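Visitor: I am new to this structure. Please take me through the surroundings of the ligand, and then show me how that part sits in the rest of the chain.

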Amino acid sequence: MSGTENTSPESGSAPESGSAPESGRGSGPLLSVRDLTVSFRTAQGPVNVVKNLEFDVPRGGALGIVGESGSGKSMTSLAIMGLLPKGGTATGSVRFDGAELLGMSEREKRRIRGDRIAMIFQDPLSSLNPYYRVGTQIAEAYLSHRSGVSRRQARAVAIEAMERVHIRDAARRVDHYPHQFSGGMRQRIMIAMALSMEPDLIIADEPTTALDVTVQAQILDLLDEIRGETGAGLILITHDLAVVSEVTDQIVVMRAGETVERGAVEQVFSDPQADYTRRLLDAVPRIDDEIGVLRTTEITLPHDSAVPGTGRSTR
Ligand SMILES: Nc1ncnc2c1ncn2[C@@H]1O[C@H](COP(=O)(O)OP(=O)(O)OP(=O)(O)O)[C@@H](O)[C@H]1O
Ligand SMILES: [Mg+2]
């Protein structure tokens with residue numbers, strides 16, 4: 001790794017080759033990323049947008065990937081999911097529950113995606129189809145990954161999943177369309193969709209960025225609650241250090257595809273090793289205990305404010 005290692009990840013050494021059964025559930029970390037490099041062919045030659053990335057997600061653990069725009073966070077998650085855009089290739093190793101994902105056949109990857117690894121994106125509207133009722137969409141996603149399930153059962157799963165993400169009156173709301181929900185509610189629906197799969201790993205890429213601060217906090221609480229309830233591992237991708245501090249145990253700080261720093265959240269927060277991390281930390285708003293005000297000296301507060309009752313920002 002090119003950056004600073006704050007502490008060793010739980011299993012910082014290379015994974016023991018052949019120690020985990022190919023198809024069975026391994027006993028090592030849930031996800032183990034080693035020497036992951038993502039490149040794109042460009043007119044100027046290959047460009048590495050993620051370089052030699054290494055981290056583990058323990059079973060039931062939560063890892064935050066933090067960095068400014070363009071640092072390679074989304075490309076990391078897409079490489080793990082086998083969903084890199086055209087022209088992108090991933091090398092290195094991504095072992096999920098003992099099985100190597102890089103180089104896996106499309107068919108095998110499809111089985112793992114959704115079924116065992118679920119993704120939640122920044123903008124739920126781009127993932128939800130405006131023309132279908134939300135319940136139908138959750139049920140369809142569930143049916144596509146489960147055989148021998150009736151539509152009636154899938155609908156019951158959808159209602160239950162909506163209840164689990166605290167959507168009130170889920171039995172009625174299941175028949176509503178995406179536009180009938182606020183931004184925060186739509187993100188809850190995406191989380192419900194992910195949950196209905198009972199995944200072992202949830203990758204959330206900027207799940208709260210499009211939401212106002214109050215709703216952000218609720219979604220983070222929900223992710224944390226779900227992790228506790230289901231024992232699923234979580235990768236939370238964000239440019240906001242305050243977000244990772246609430247939900248994750250370990251963090252990786254990325255910049256321009258490089259790992260700047262990684263380690264336990266408390267350690268990175270209390271004793272950041274890299275200048276870049278220090279600068280990111282300086283930009284985190286803090287409540288000053290003594291005078292009880294938000295210190296805004298080094299941050300630019302967003303100009304938008306919440307529209308009461310809609311869960312949407314004015315922007
Ligand atoms: N199809 C592509 N071809 C070439 N380069 C690409 C392609 N897609 C993305 N990139 C580059 O890869 C780099 C990493 O992009 P990525 O989307 O992972 O950033 P990010 O950290 O998720 O940023 P953001 O916080 O804005 O979402 C960027 O510099 C981007 O320009
Ligand atoms: Mg991104």
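Guide: A definition comes before the details. A polar contact is a pair of N or O atoms within 3.5 Å. Keep in mind, too, that this is a predicted model.

Start with ligand 1. The residues around ligand 1 include a run of neighbours: E68, S69, G70, S71, G72, K73, S74 and M75. F40, V49 and E206 complete the list.

Now look at single atom pairs. A polar backbone atom of G72 lies 3.0 Å from an oxygen atom of ligand 1. For K73, the side chain takes part: one of its polar atoms is 2.7 Å from a ligand 1 oxygen. M75 uses its backbone, where a polar atom is 2.9 Å from an oxygen atom of ligand 1. How much of ligand 1 does the protein cover? On its own, ligand 1 has 640 Å² of accessible area, and the protein covers 62% of that.

One helix stands out here. Helix α1, residues 73-81, gives three residues to the shell around ligand 1, the most of any element. This helix is mostly covered, with seven of nine residues buried. The buried ones are K73, T76, S77, L78, A79, I80 and M81. So K73 is buried and also reaches an oxygen of ligand 1 with its side chain, and no further reason is given here for that pairing. After α1 comes G82, with a positive phi near 70°.M81 leads on to the packing of the chain. M81 belongs to a core of 32 residues, whose members also include V38, F55 and I117.

Apart from that core lies the largest nonpolar core, with 38 residues. Which of its residues touch the most other members? They are I120, M162, V165 and I191. Several elements give two or more residues to this core, among them β7, α4, α5 and β8. Helix α7 gives the largest share, seven residues. Domain 1 covers 28-116 and 201-315, while domain 2 covers 125-196. Both give residues to the largest core, so this core lies between them.

Take M162 as an example. Leaving out residues up to four places away in sequence, M162 touches V134, I138, I167, A170, R173, V174, F181 and A192.

Two arginines are worth a look as well. R262 sits in strand β11, residues 258-264. Is R262 buried or exposed? R262 counts as buried because its relative accessibility is 7%, and the cut-off for buried is under 20%. A polar atom of its side chain lies 2.6 Å from the backbone oxygen of E54.

R116 lies in the loop between α2 and β7. R116 is buried too, with a relative accessible area of 17%. Its side chain makes a polar contact of 2.6 Å with the side chain of D97. R116 and D200 are 84 residues apart along the chain, yet their C-alpha atoms are 5.2 Å apart.

Step back to the whole chain. The protein chain has eleven helices and 13 strands. Of its 315 residues, 49% count as buried. Among contacts with a separation of 6 or more, 64% join residues 24 or more positions apart. The accessible surface comes to about 15500 Å², and carbon and sulfur atoms account for 49% of that surface.

Notes. Residues numbered from 1 in each chain as written. Chains lettered and ligands numbered in written order. Predicted model: local features only at pLDDT ≥ 70, side-chain atom pairs only at ≥ 80, totals over all residues. Heavy atoms only, no water. Core = buried A, V, L, I, M, F, W, Y, C linked by side-chain atoms within 4.5 Å. Buried < 20%, exposed > 50% of the residue type's maximum accessible area, 1.4 Å probe, protein only. Helix = DSSP H or I, 4+ residues; strand = E, 2+ residues; numbered from the N terminus. Domains from an automatic or database assignment. Contact = heavy atoms within 4.5 Å. Areas by Shrake-Rupley, 256 points an atom, 1.4 Å probe, with all protein chains shown as cover. Near = heavy atom within 4 Å. Polar contact = N/O pair within 3.5 Å; in protein donor to acceptor, adjacent residues only side chain to side chain.
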